[in-house]
There are 2 protein chains.
Amino acid sequence: MNFCSQCGKDIAIRVPEGDNRERHVCLHCSTIHYQNPRIITGTLPVLGERVLLCKRAIEPRHGLWTLPAGFMENGETTEQGAVRETWEEARANVDIKALYTLFNLPQINQVYFFYRATLNDSNFGPGPESLEVELFYEHEVPWQEIAFPVITETLQHYFADQKENNFPFRTKDLIRPLSKPRP
Amino acid sequence: MNFCSQCGKDIAIRVPEGDNRERHVCLHCSTIHYQNPRIITGTLPVLGERVLLCKRAIEPRHGLWTLPAGFMENGETTEQGAVRETWEEARANVDIKALYTLFNLPQINQVYFFYRATLNDSNFGPGPESLEVELFYEHEVPWQEIAFPVITETLQHYFADQKENNFPFRTKDLIRPLSKPRP
Ligand SMILES: [Zn+2]
Ligand SMILES: [Zn+2]
């Protein structure tokens with residue numbers, strides 16, 4: 001951030017009066033430009049005993065498998081965002097069951113929501129951000145090719161919970177070093 | 001938003017290629033300025049059978065009662081943000097029990113988190129954004145002077161759940177017209 005989005009003048013890093021953190025502040029029009037974490041919302045789509053995964057067509061983690069999820073938009077709920085992303089990435093229509101996992105990733109200023117969902121039918125296919133979309137039984141999941149730890153954790157919980165037919169809501173903070181670029 | 005925070009030139013409203021919504025886009029440097037919902041995180045602090053409320057010293061809803069809560073900051077978790085806001089607004093140290101209520105307010109692009117928490121002691125008092133901080137038994141709660149519906153709902157659930165000593169996690173979407181300015 002270099003310029004004030006209100007007046008176009010230079011911005012500075014300052015602790016505003018009455019605040020206790022550095023912010024991007026415009027010295028010309030006094031606007032304080034706050035930056036806040038973003039929500040990523042998605043689903044765990046289920047058909048019978050199988051779960052739906054998408055092979056990523058975009059960076060980061062191009063070619064690895066993920067659950068359909070993306071940035072929540074203004075004007076929608078976390079649930080609506082999860083349904084929208086599932087359509088955009090997997091061309092799948094889902095019915096939401098319940099919020100299932102919630103992860104804080106404070107190093108990258110993200111909060112992840114995953115909803116358990118059921119596929120309405122087996123009509124699905126890759127949207128523009130996916131290379132492939134497939135259903136997997138537990139023994140078929142490509143565990144070594146999962147894009148993000150939040151996906152691995154959500155899938156592990158699901159297959160364990162499926163055996164008990166009980167799906168408690170879970171929250172976890174994933175506080176770990178930022179991953180290094182892969183060779 | 002009038003100017004590009006990257007290059008300082010004018011911005012326009014456009015649907016970027018590959019997108020399906022209007023965004024603030026810089027026609028000079030091509031930066032897309034996304035706007036996303038923000039998280040408000042706080043606690044329901046409990047001491048014995050009483051709950052802690054703060055009388056707001058700031059707008060909106062100056063003079064009405066609220067639970068300690070505020071915008072989540074970059075670099076923290078929702079739980080850390082809730083503990084920080086409880087200190088800032090009520091000068092209270094709390095132990096977090098569990099995430100208790102989660103509300104979507106899509107008209108104002110906010111997602112609210114409230115954690116059940118226990119007060120470590122009865123040392124507390126107003127921070128700069130509070131006029132008063134007090135403990136209330138259920139029959140003492142000023143129901144007609146609560147600042148926001150998310151606070152009323154969280155308190156109602158709590159006092160009902162307290163009788164059963166069972167505090168299930170709850171989510172709700174509050175989709176309602178924006179409130180008109182009060183006379
Ligand atoms: Zn300015
Ligand atoms: Zn620009």
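**Exercise 1. Determine whether D19(B) is buried, partly exposed or exposed, and identify its salt-bridge partner R23(B) in context.**

Solution. D19(B) has a relative accessible area of 23% and is therefore partly exposed, where buried means under 20% relative accessible area, exposed over 50%, and partly exposed in between (1.4 Å probe, protein chains only). The side chain of D19(B) meets that of R23(B) in a salt bridge with an N to O distance of 2.8 Å; the term denotes a side-chain nitrogen of Lys or Arg within 4 Å of a carboxyl oxygen of Asp or Glu. R23(B), at 8% relative accessible area, is buried. Salt bridges that share partners also join D19(A), R21(A), R23(A), E73(B), E76(B), R84(B), E85(B) and E88(B) into one network.

The model is predicted: local features need pLDDT of at least 70, side-chain atom pairs count only at pLDDT 80 or more, and totals for chains, interfaces and linings use all residues. Residues are numbered from 1 along each chain as its sequence is written, chains are lettered from A and ligands numbered from 1 in the order in which they are written, and side-chain values use heavy atoms, with hydrogens and water left out.

**Exercise 2. Describe the site of the zinc ion (ligand 1): which protein donors does it have, and what is their arrangement?**

Solution. Step one is to list the donors, that is, N, O and S atoms within 2.8 Å of the metal (3.2 Å for Na, K and Ca); water is not among the atoms, so sites may look incomplete. The SG atoms of C4(A), C7(A), C26(A) and C29(A) lie 2.3 Å from the zinc ion (ligand 1).

Step two concerns the angles. The four donor atoms subtend 99 to 117°, so the arrangement is tetrahedral, a label given to four donors if all angles lie between 85 and 135 degrees. The ideal angle for four tetrahedral donors is 109.5 degrees.

Step three places the donors in the chain. Their spacing in sequence is C-x2-C-x18-C-x2-C. C7(A) lies in the segment before β1 (11–14) of chain A and C29(A) in the loop between β2 (23–26) and β3 (32–33), so the pair ties together parts 22 residues apart in sequence; strands (E, at least two residues) and helices (H or I, at least four) are DSSP runs, numbered from the N terminus. C29(A) is partly exposed, at 32% relative accessibility.

**Exercise 3. Characterise the interface of chain B and chain A: how many residues are in contact, and how many salt bridges cross it?**

Solution. Begin with contact, meaning heavy atoms within 4.5 Å: 38 residues of chain B are in contact with 38 residues of chain A. The two chains bury about 3300 Å² between them, 49% of it on carbon and sulfur atoms; buried area is the accessible area (1.4 Å probe) that two parts lose on being put together, summed over both.

Next, count the salt bridges: the rule finds six across the interface. Among them, R21(B) and E76(A) meet at 3.9 Å, N to O. R23(A) forms another with E73(B), the closest N and O atoms being 2.6 Å apart. This pair crosses between chains, from strand β2 of chain A to the loop between β7 (69–71) and α1 of chain B. R23(A) is buried, at 8% relative accessible area, and E73(B) is buried at 9%.

Note on methods. Tetrahedral: all angles 85-135°; square planar, octahedral: opposite > 155°, others 65-115°.
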